[in-house]
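Biologist: Could you take me through one part of this predicted model in detail? I would like a close look at a single stretch of the chain, set against the fold as a whole.

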Amino acid sequence: MALTNNNGDLLDNYYGTNIVNGVVTGPHPAPVSPCDQSTTFNKWGNPYDLQETIYWIIKMIILPILASILVIFIIILPTFENPIFVAINAVLAPIASIYILIVARESARAIWNRIPNDLRVTSGTPLNDISAVQFRIGFVGDIMMMNGHILMFDPAVVNFFNDVNNVHLIIGNLEGIVTNDKAKGSQQRHLPVILDELVSVLPPNLKWTLCLSNNHSIDYGNKAFHTSLIDIQKNPQFNVFGRNDMNNVLVQTYPISIATGTEWSNQDTWDCTSRYRNTELWTYYSNTRLNNFNRFNILFPHWGYENERYVRKRIQKDAKALLNGGTQTYTRYQTYIRERLDKEILPDQNGRKWDLIFGHHSHTPQPIMSVCDHVNDIGFNKLVAFSGGNFTSGAWIIRRKKHIYGTIMKCDIGPLTNCPTKLAVGNVEWRTTVNVRSTCGDKKYKTVSIYSRRYRTFAHYLWQFLLAVGIIALILLLRYLDSIL
Ligand SMILES: [Zn+2]
């Protein structure tokens, strides 16, 4: 499926990567960079804004203070006669109290930010009645670096995109850049082999559409970002977008627009990437050459917060403002901070709305929610998948359990049966995926497979909770022994 920019130029022509008989052709023979070609980057950049930084400070200070108060209560209140019991208690009590705090905090936040069951989208259930399936689009979340693993795909994942209902377009977020340079610290980079590996999941005659706008895009500086972008685009099985002059792309033969922007960057200078900010988002929308009413606008944002399996209310409100134009009530504090950062997402004054959102960045799958909207007084549903989690992941020591899950999704798009001038989502299918690690000799593999069990938000905290309960039971047992000895 060919993609163009707003002027109708094919991406290969626009980026100057259209190579015929070894010669670069097209209207832009040299790569046009809208940002400088600097090679500098900030190794210790803060990936978050003021609001999130304040939140982190509170979390990092308040939590330890609470933990120490708990420890005092647990250590001081039970007085042991036996000095060995005193020593055991002094070691175990802090561990138990920290685990209890983490579990309590995460559970409370998951409950507070919970999305009601009746708004959750069930796989295989039509979201709307559409008169014909005219387009089918597939989504994956973050494509993370493989850390020396060979990337493979289970046939069930390949078949998801390539069965009788095969997709016309498949889109994912390539975190970081493609380079042979080494990754230091938190830098994200893929070796060039990732492109061949990714192609192995594609149905025949299909290209990947990769978003390059994320918090790791500028980890190696502007120049490396730009070089990587051109190198990927040169591969005939890839299209890329997310540079600040290519914040949205259009399907050439069907009225679909896909836009992206990142809410965060690990670097201070990130002019090269398109951004998730109120004023800019609506510009991405209005730029499109397909300015008719019957157009389907997809937003593919790099947003939200890492490692969270729930969706903060602020992001839920953003999504509603973008999808149904409803006025959102942010708290005073949120408004104060977000106004100043141009990040208070407001409904568009001209009544423009997005039709579908598929987000990424959390590295953990998040819920898929339906949002009501109206056209000509007819109600219909839109969809937001808050985060696709990690489609590929090389994690195997740090966060080897947390960062291996993702959501893959495909949607039918066509005219609403009771309002044929409006394109909407019909059937939606999604699966949870898992990166399964295996070794053979000195080779290490990660196979992206379908996760057959139910992905549970709380499951990862269960062992911490059980450990804390076990420790408290042990302390109580020691108290009993202490009293009878
Ligand atoms: Zn990210």
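**From strand 11 to helix 8**

Modeller: Of the 485 residues of the protein chain in this predicted model, 41% count as buried, and the chain holds 10 helices and 20 strands. Its radius of gyration is 25 Å, close to the 23 Å that the globule rule gives for 485 residues, so the chain is as compact as a globular protein of that length. Taken along the principal axes, the C-alpha atoms fill a box of roughly 85 × 55 × 45 Å. Among contacts between residues at least 6 apart in sequence, 75% join residues at least 24 apart.

The part to look at closely begins with strand 11, residues 248-251, which runs antiparallel to strand 12 and is joined to strand 12 by 3 bridges. The connection between these two strands is a hairpin of 4 residues, and across the pair Asn248 stands opposite Ala259 of strand 12. On its other pairing, strand 12 runs parallel to strand 13, with 4 bridges between them; here Ile258 has Ile298 in strand 13 as its bridge partner.

In a regular strand the side chains alternate between the two faces of the sheet. In strand 12, which spans residues 256-259, both faces are covered, since Ile256 and Ile258 are buried on one side while Ser257 and Ala259 are buried on the other.

After strand 12, the loop that leads to helix 7 (278-286) contains Cys272. Cys272 counts as buried because it has 27 C-beta neighbours inside 10 Å, where 20 or more are required. Leaving aside residues up to four places away in sequence, Cys272 touches Cys35, Ser217, Ile218, Asn222, Phe225, His226, Arg243 and Asn244. Gly242 can be placed relative to this cysteine as well: Cys272 and Gly242 are 30 residues apart in sequence, and their C-alpha atoms are 8.6 Å apart in space.

Further along, strand 13 (296-299) is followed by a loop that runs to helix 8 (313-324), and Arg309 is found in that loop. Arg309 is buried because 24 other C-beta atoms lie within 10 Å. Again not counting residues up to four places away in sequence, Arg309 touches Thr364, Gln366 and Thr457. By contrast with these contacts, the C-alpha atoms of Arg309 and Leu151, which are 158 residues apart along the chain, are separated by 25 Å.

The loop holding Arg309 leads into helix 8, which has 12 residues and reaches 16 Å from its first C-alpha to its last, close to the 16 Å expected at 1.5 Å a residue. Helix 8 is mostly covered, with 9 of its 12 residues buried; these are Arg314, Ile315, Gln316, Asp318, Ala319, Lys320, Ala321, Leu322 and Leu323. Just after the helix, Gly325 takes a positive phi of about 70°.

For a second helix to set beside helix 8, consider helix 3 (residues 83-112), whose 30 residues reach 43 Å from first C-alpha to last, close to the 44 Å expected at 1.5 Å a residue. Helix 3 has a kink of about 25° at Leu92, shortly before the proline Pro94, and its buried residues include Asn89, Ala93, Ala96 and Ser97.

Key: Residues numbered from 1 in each chain as written. Predicted model: local features only at pLDDT ≥ 70, side-chain atom pairs only at ≥ 80, totals over all residues. Contact = placed C-beta atoms within 7 Å. Expected span 1.5 Å × (residues − 1). Pairing = 2+ DSSP bridges. Bend = angle between axes of the 7 residues up to and from the residue. Rg over C-alpha atoms; globule rule 2.2 N^0.38 Å.
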